[in-house]
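Got your viewer open? Keep the selection tool handy, and let's take a walk through this one together.

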Amino acid sequence: MIRRPPRSTRKESSAASDVYKRQSQMMSRTEQMRSWTVAETGRFLEEHDLEGPAELTRVSGVNGADLLQLSINELSHDIRLTPFAARKVGAARDEFLRGL
């Protein structure tokens with residue numbers, strides 16, 4: 001049985017409110033990354049101490065929308081990142097999307 005506050009209570013359940021806020025943040029972070037240019041994507045990687053991958057993504061023309069879609073395997077093979085660097089890029093992307 002789902003427990004709900006009485007109708008006379010105006011304040012939303014904090015648990016439900018937190019879930020909604022996290023979903024909204026996730027969507028906005030995804031949309032934010034999707035709008036990044038190639039230069040902004042490179043700056044993001046440089047801010048995470050990934051200068052080498054930042055340069056390779058610039059040369060390859062990777063923008064934010066691309067970064068969202070590329071798998072670790074694709075970063076390694078298509079962009080020519082080492083497997084270690086590809087995992088670091090993926091981790092930085094995922095941390096950004098989670099808001100860490």
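Here is a tour that goes from the whole chain down to single side chains.

**Stop 1: the whole chain**

Before you click on anything, bear in mind that this is a predicted model. Switch to a cartoon view and colour by secondary structure. How many helices and strands does the protein chain have? You should find 6 helices and 0 strands. Following the sequence from start to end, the pattern reads α-α-α-α-α-α.

Now turn on the surface. The protein chain exposes about 7,300 Å², and carbon and sulfur atoms supply 51% of that. Of its 100 residues, 29% count as buried. What about contacts along the chain? Taking contacts in the protein chain with a separation of 6 or more, 53% come from residues 24 or more positions apart.

**Stop 2: a salt bridge inside one helix**

Hide the surface and show side chains. Side chains of opposite charge can pair when their charged atoms come close. A search of the whole structure turns up 4 salt bridges, and we'll visit some of them.

Select Arg 34 and Glu 31. Their side chains meet in a salt bridge, at 3.4 Å from N to O. Both residues lie in helix α1 (residues 14-34), 3 residues apart, which is about one turn of the helix. Are they buried or exposed? Arg 34 is partly exposed, because its relative accessible area is 38%, and Glu 31 is partly exposed too, at 46%.

**Stop 3: a network around Arg 58**

Next, select Arg 58 and Glu 46. Here is another salt bridge between side chains, 2.9 Å from N to O. This pair links distant parts of the chain: Arg 58 is in helix α3 (residues 51-60), while Glu 46 is in helix α2 (residues 38-47), 12 residues apart. Arg 58 has 26% relative accessibility, so it counts as partly exposed. Glu 46, with a relative accessible area of 30%, is partly exposed as well.

Keep Arg 58 selected and add Glu 55. These two form a salt bridge, with their closest N and O atoms 3.6 Å apart. Glu 55 and Arg 58 are 3 residues apart in helix α3, so about one helical turn separates them. Glu 55 counts as partly exposed, at 43% relative accessibility. Show all three residues together: salt bridges that share partners join Glu 46, Glu 55 and Arg 58 into one network.

**Stop 4: the aromatic rings**

Time to leave the charges for a moment and look at rings. The count comes to 3 aromatic pairs. Select Trp 36 and Phe 44, which form a tilted pair, 4.9 Å centre to centre with 45° between the planes. Both Trp 36 and Phe 44 are buried.

Now add Phe 96. How are the rings of Phe 44 and Phe 96 arranged? Their centres are 5.7 Å apart and their planes are at 75°, so this pair is edge-to-face. The pair links distant parts of the chain, with Phe 44 in helix α2 and Phe 96 in helix α6 (residues 83-98), 52 residues apart. Phe 44 counts as buried because its relative accessibility is 5%; Phe 96 counts as buried at 14%. Zoom out a little to see the cluster that ring pairs make of Trp 36, Phe 44 and Phe 96.

**Stop 5: a charge over a ring**

Stay on Phe 96 and select Arg 29. The charged end of Arg 29 sits over the ring of Phe 96, 4.7 Å from the ring's centre.

Key
Residues numbered from 1 in each chain as written. Predicted model: local features only at pLDDT ≥ 70, side-chain atom pairs only at ≥ 80, totals over all residues. Heavy atoms only, no water. Helix = DSSP H or I, 4+ residues; strand = E, 2+ residues; numbered from the N terminus. Buried < 20%, exposed > 50% of the residue type's maximum accessible area, 1.4 Å probe, protein only. Contact = heavy atoms within 4.5 Å. Areas by Shrake-Rupley, 256 points an atom, 1.4 Å probe, with all protein chains shown as cover. Phe/Tyr/Trp six-rings, centres within 6.5 Å; stacked < 30°, edge-to-face > 60°. Lys NZ or Arg CZ within 6 Å of the ring centre and 35° of its normal.
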